[in-house]
Amino acid sequence: MALTKVTRFIRPRTLAEAFSALTENQARIIAGGIDVILFPNEATALIDITSLPLSGIEQGSDGITIGATTTLTEVLESSIVKDYLGGVVADALHTVASPLQRNLGTIGGSLVIAHPWSDVITLFLALGARVRYFDGEEHEVPLSDFYARNVHRQKMILTQVELPAFPGESAAAFWKFSRTAFDIAILNCAAFVRIEEGVCAEARIAVGGTPARAAIATAAGEALVGNPLSPATIDAAVAAAQGKVEVRDDMRASADYRRELVATGIRRLFSQVKERLEGSG
Amino acid sequence: MRIEMILNGVRRGFEIEPGDTLLELLRREGYKGVKKGCETGDCGACAVLLDGRAVNSCLVLAAKADGRTVTTVEGLEADGRLSVLQEAFLDAGAVQCGYCTPGMLIAATDLLNRNPHPSEEEIREAISGNLCRCTGYVKQVEAIELAVRRMEGKDV
């Protein structure tokens, strides 16, 4: 429905111009523009940052960078993304929202708006993504800090997200459970491991839609590090996650149901991770 | 504010409010094939092609269509002839009440433009944002498969 409070539509030419429009007005940054329609607020000016050169995917030596206004479809269709960690990001994005919405929604929008049910955040936390944003000056922080520290996400402009390159034997997986193909997930989770000399040298598990926004399950990751990916190690990670991940009741599911999904999800993640490790080895 | 777009192949200019959605603009201008269903991006009945990609027009601000190409279901036919896909929907009996049909056609057009030989799974994913409340999607999938065979030059 029409946004009757909106009186100005601004197409900035530079990042600085976009940011100054944001600070001077009762304004809101938009990219795909889905959220402003579904969740309107008091904003009277919209600043469409798709007028800025913030779209595109590049392969660098340290990983891949994705511009904030790149659509989810552009990400999942990118050959760079398909080649990254066995295609985990592309595979996951096929299950996010619907194709019609993925053609509009952007990576930056997913990360900034940060709905608690976001699948993208869960996956990117597990991958150890970093984000760049501008709030008068440039910042680069791990995605986990972007939520943990007091970043005022309504008064900044996310410009880029970086997914790190991993040397050697690494794999990741994403899993979600929802009632229909594009309903919001009742729970989602993602895992990343890097293997060195037969044991996990680095491991991250993130769980989201709990129904709170995704967070890294530190204890579950710690249960993996230093151990081989054996059934016993995975049992330990599941037990740690079930003990530590805070789950709650909401209209979609009970806390008990979600606690079961945490276990199911992590087991499914590691069966995918093992398949990918074997496939790449 | 004033915007311009290529709408169904014709350059058009419109005076809009900055908060108007593309769905509202198109229906106001008489493109009633663009259905107003849920208005929350769930049903897909309002789908149009925006620069060739299928989107929910209820989730697009009209201002964002400025300078771009928009195709509604009315624009799928050429020279008074239905597209191969539209013919296939008729021949396969994929139109029941017809409400979801324009959105299905738009989503499937986007698919076939990019991927002329889709698997059944790819077809089902492509129309997963389009709700049909009459059927079980079988006829629509069959219609798209029929269009694929016809575009491959097979005699069906």
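## A:Arg28 and its surroundings

In this predicted model, A:Arg28 belongs to strand β2 of chain A, which covers residues 27–30. Is this arginine buried or exposed? With a relative accessibility of 14%, A:Arg28 counts as buried, because buried means under 20% relative accessible area.

The side chain of A:Arg28 has a polar atom 3.3 Å from the backbone oxygen of A:Asp35. A:Asp35 is also one of the residues in contact with A:Arg28 once neighbours within four places in sequence are set aside. The same list includes A:Leu22, A:Val36, A:Phe39, A:Pro40 and A:Asn41. It is completed by A:Ala43, A:Ala45, A:Leu46 and A:Ile47.

## Backbone features of chain A

Two loops of chain A carry backbone features to note. In the loop between α7 (107–113) and α8 (119–127) lies A:Ala114. The phi angle of A:Ala114 is positive, about 55°, although the residue is not a glycine. A:Ala114 has a relative accessible area of 6%, so it is buried.

Where in chain A is A:Pro211 found? A:Pro211 sits in the loop that runs between β11 (199–208) and β12 (215–216). The peptide bond that joins A:Thr210 to A:Pro211 is cis, with omega at about 10°.

## Chain A as a whole

The secondary structure of chain A consists of 12 helices and 12 strands. Its radius of gyration is 19 Å, close to the 19 Å given by the globule rule for 281 residues, so chain A is as compact as a globular protein of that length. Taken along the principal axes, the box filled by the C-alpha atoms of chain A is roughly 60 × 45 × 35 Å.

Of the 281 residues of chain A, 55% count as buried. Contacts in chain A between residues at least 6 apart in sequence include a 59% share that joins residues at least 24 apart. The accessible surface of the chain is about 12100 Å², and 49% of this area belongs to carbon and sulfur atoms. Chain A carries 26 positive and 32 negative side chains. How many ångströms lie between the centres of the two sets in chain A? The centres lie 6 Å apart.

## Residues in the loops of chain B

B:Asn8 is placed in the loop between β1 (2–7) and β2 of chain B. Its phi is near 50°, a positive value in a residue other than glycine. The relative accessible area of B:Asn8 is 22%, so this asparagine is partly exposed; the cut-off for buried is under 20%.

B:Glu17 is found in the loop between β2 (10–15) and α1 (22–28) of chain B. Is B:Glu17 buried or exposed? B:Glu17 has a relative accessible area of 53% and is therefore exposed, as exposed means over 50%. Along the chain, B:Glu17 and B:Leu61 are 44 residues apart, while 9.7 Å separates their C-alpha atoms.

## B:Thr101 in helix α3

Helix α3 of chain B covers residues 101–114, and B:Thr101 is found in it. B:Thr101 counts as buried because its relative accessibility is 9%. Which residues is B:Thr101 in contact with, leaving aside neighbours within four places in sequence? They are B:Phe89 and B:Val95.

## Chain B as a whole

Chain B has five helices and five strands. In sequence order these elements follow the pattern β-β-α-β-β-β-α-α-α-α. The radius of gyration of chain B is 15 Å, close to the 15 Å that the globule rule gives for 156 residues, so this chain is as compact as a globular protein of that length. The C-alpha trace of chain B spans about 50 × 30 × 25 Å along its principal axes.

Of the 156 residues of chain B, 50% count as buried. Among contacts in chain B with a separation of 6 or more, 55% come from residues 24 or more positions apart. About 6900 Å² of chain B is exposed, and carbon and sulfur atoms supply 47% of that area. The charged side chains of chain B number 19 positive and 24 negative. The centres of these two sets lie 2 Å apart.

Definitions and conventions. Residues are numbered from 1 along each chain as its sequence is written. Chains are lettered from A and ligands numbered from 1 in the order in which they are written. This is a predicted model: local features need pLDDT of at least 70, side-chain atom pairs count only at pLDDT 80 or more; totals for chains, interfaces and linings use all residues. Side-chain values use heavy atoms; hydrogens and water are left out. Helices (H or I, at least four residues) and strands (E, at least two) are DSSP runs, numbered from the N terminus. The radius of gyration is taken over C-alpha atoms; the globule rule is 2.2 Å times the number of residues to the power 0.38. Buried means under 20% relative accessible area, exposed over 50%, partly exposed in between (1.4 Å probe, protein chains only). Contact means heavy atoms within 4.5 Å. Accessible areas come from the Shrake-Rupley method with a 1.4 Å probe; for residues, only the protein chains shown count as cover. Lys and Arg count as positive and Asp and Glu as negative; His and the chain ends are not counted. The place of a charge is taken as NZ of Lys, CZ of Arg, CG of Asp or CD of Glu. A polar contact is a pair of N or O atoms within 3.5 Å; within protein, one must be able to donate a hydrogen and the other to accept it, and residues adjacent in sequence count only if both atoms are side-chain atoms.
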